[in-house]
Amino acid sequence: MALEELYREVILDHYRNPRNRTALEEPHAAAEGVNPLCGDEVTVELTFGGDVVAGVSVRGHGCSISQSSGSMMGEAIKGLDREAISVLSRRFQESLTSEDSNSESEFGELAALQGVRRYPVRVKCALLPWTTLDEALSA
Amino acid sequence: MLDVRQDFPAIAAGAGHFLDSAASALKPRAVLEAMNQFAGTVYANVHRGAYRLSTTSTELYEKARSRAAEFIGASNPDEVVLCRGTTTGLNMVAAGWGGEHLRPGDRILLTVMEHHANIVPWQMVARRTGAVLDYVGITEDGHLDRDGFVRKLDLQPRVVAFTGMSNVLGSIPPAAALAEAARATGALVVVDGAQLVPHRPVDVQSIGADFLAFSGHKLLGPTGIGVLWGRPERLEEMEPTEGGGEMIANVELDHSTWARIPHRFEAGTPPIIEAVGLTAAFDYLDEIGMESVAAHDAELTNYALKRLSEVEQLRIQGPLTGEDRGGAISFTLGDVHPHDLATILDQRQVSVRAGHHCAKPLMRVLGMPATARASISVYTNNEDIDALISGLEEASGLFGI
Ligand SMILES: Cc1ncc(COP(=O)(O)O)c(C=O)c1O
């Protein structure tokens with residue numbers, strides 16, 4: 001059933017046990033994102049070693065989709081350089097918003113969020129951590 | 001129990017189990033047809049032309065005013081300002097009365113369970129005048145804290161504004177008793193009737209407040225129109241917040257004089273078609289009878305409270321019994337976020353509201369950023385509640401709680 005596609009086990013796991021919740025002492029990049037419609041909030045903090053992400057913190061509160069998306073995002077970007085992160089972010093956002101998308105394999109765990117495509121009003125929940133990440137990187 | 005579902009075309013058209021009537025109610029055919037009929041026949045602008053169409057339009061527009069007065073037991077149609085809705089009505093009182101009469105240090109007493117529409121306008125006028133805001137809290141069981149209210153009255157507030165029924169908790173404060181106590185200290189008493197007027201018989205004489213505002217669209221009527229009722233002597237003390245056509249007696253190059261009340265508060269072309277729809281909504285509700293509406297609301301609220309209390313890990317925010325509460329029922333289910341609940345319920349054609357319900361200060365008091373809310377209207381039935389319960393059970397299954 002469609003709802004089971006949306007609320008996959010891995011999503012509920014990240015919702016209930018979000019990774020990388022600890023705030024960073026002196027982040028090199030940070031941003032806060034809010035979805036004013038529903039009140040969901042995400043804070044993203046990063047530190048870099050050279051060009052490569054060394055530390056990640058993703059915190060917030062909101063629905064299972066926005067919070068699991070943030071948690072999986074933190075895991076996915078660890079060890080990537082800025083260029084690789086922005087490519088991943090763009091490709092992932094496109095995969096949720098464009099008409100045809102069959103790129104599940106390239107996203108690993110994050111592919112679990114593809115179920116959200118059937119629920120247009122919830123796509124923005126999945127995107128919130130990513131747009132916040134973009135903001136942190138461009139600041 | 002009422003059986004009026006066939007009067008609501010949206011239900012036949014697939015509205016499903018619509019449980020968000022507290023946000024805005026579905027419209028009966030009578031309202032839609034009245035507006036359509038009017039707009040397609042004798043429609044013209046009001047209070048302007050001397051020609052036949054305009055005179056008829058004006059009569060129908062003024063009819064909405066007298067029907068509104070009748071509906072809430074006002075003694076005179078001139079006590080009724082037709083405006084855009086509750087928000088506009090409360091803003092008019094805050095800016096137009098408060099802006100004129102509040103002085104630095106004057107206290108404005110609100111409650112923590114107000115909708116933003118009964119908070120923000122007072123914050124705005126407080127900033128302008130130097131008045132200060134004060135709040136009454138709620139009790140453990142989700143009612144207004146009446147002892148706290150009495151204590152706050154000792155501080156001699158200049159304005160006391162409270163909701164007739166909380167759109168989040170559903171609780172119905174004893175408006176008449178609160179108004180009497182507040183007026184005894186000399187305060188201006190303002191009641192937000194957005195949720196109360198659609199669900200209970202309301203009589204402004206027995207409530208005894210100075211102002212009451214409500215919205216047409218929550219009362220089975222159209223959007224874009226609502227009512228601000230005020231005691232005539234208070235309306236006389238209130239400055240218009242909008243200037244323009246219709247609201248003047250005379251206009252010179254450098255100044256103008258105002259029309260008499262209530263017209264001085266109705267600048268510009270008013271919502272004429274909506275006024276006709278509002279009249280039809282009053283007629284429709286009066287035909288059912290507001291006592292029957294209230295009984296239906298109470299019966300279904302009790303049924304919903306009972307069914308909800310049987311759901312494991314479900315927490316109702318607000319009074320757990322039907323006493324002194326109406327059919328706006330907020331709840332959370334385990335650690336399922338309300339937005340996830342709303343999505344899951346939506347798959348079963350059950351529409352509930354999820355979020356802060358425009359009552360962020362209250363959500364902070366409750367210690368949660370969001371709840372889900374199911375709300376009841378005349379067309380709601382047991383099956384809607386049963387569908388809600390089944391959806392909640394599915395959510396429990398999906399989230400493994
Ligand atoms: C208690 C209460 N007050 C005020 C309002 C605002 O009504 P409107 O948006 O129609 O002006 C609402 C509607 O959500 C409400 O529930």
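This dialogue reads the ligand site, the nonpolar core and one buried arginine in a predicted model.

User: Which residues are around the ligand, and how do they divide into nonpolar, polar and charged?

Analyst: The shell is formed by chain B: B:Thr86, B:Thr87, B:His115, B:Ala117, B:Thr163, B:Asn167, B:Asp192, B:Ala194, B:Gln195, B:Ser215, B:His217 and B:Lys218. These residues divide into 2 nonpolar, 8 polar and 2 charged.

User: What distances separate ligand atoms from N or O atoms in the side chains of B:Asp192 and B:Ser215?

Analyst: A polar contact is read from a pair of N or O atoms within 3.5 Å. For the side chain of B:Asp192, the partner is a ligand nitrogen at 2.5 Å. For B:Ser215, a ligand oxygen lies 2.7 Å from a side-chain N or O atom. The protein buries 84% of the 390 Å² that the ligand exposes when taken alone.

User: Where does the largest nonpolar core lie with respect to the domains of chain B?

Analyst: In soluble globular proteins, nonpolar side chains tend to be buried together. Here the largest nonpolar core has 72 residues, and those touching the most other members include B:Phe8, B:Phe149 and B:Tyr379. Helix H10 (residues 272-288) of chain B gives the most to this core, namely 10 residues. The core lies between domain 1 (31-286) and domain 2 (289-398) of chain B, because both give residues to it.

User: Is B:Arg65 buried or exposed, and which side chain does its own side chain contact?

Analyst: A residue counts as buried under 20% relative accessible area. B:Arg65 is therefore buried, at 1% relative accessibility. This arginine belongs to helix H3 (residues 52-71) of chain B, and its side chain makes a polar contact of 2.7 Å with the side chain of B:Glu266.

Notes
Residues are numbered from 1 along each chain as its sequence is written. Chains are lettered from A and ligands numbered from 1 in the order in which they are written. This is a predicted model: local features need pLDDT of at least 70, side-chain atom pairs count only at pLDDT 80 or more; totals for chains, interfaces and linings use all residues. Side-chain values use heavy atoms; hydrogens and water are left out. A residue is near a molecule or strand if one of its heavy atoms lies within 4 Å of it. A polar contact is a pair of N or O atoms within 3.5 Å; within protein, one must be able to donate a hydrogen and the other to accept it, and residues adjacent in sequence count only if both atoms are side-chain atoms. Accessible areas come from the Shrake-Rupley method with a 1.4 Å probe; for residues, only the protein chains shown count as cover. Ala, Val, Leu, Ile, Met, Phe, Trp, Tyr, Cys and Pro count as nonpolar, Asp, Glu, Lys and Arg as charged, and the others, Gly among them, as polar. A nonpolar core is a set of buried Ala, Val, Leu, Ile, Met, Phe, Trp, Tyr and Cys residues joined through side-chain atoms within 4.5 Å. Buried means under 20% relative accessible area, exposed over 50%, partly exposed in between (1.4 Å probe, protein chains only). Helices (H or I, at least four residues) and strands (E, at least two) are DSSP runs, numbered from the N terminus. Domain bounds come from an automatic or database domain assignment.
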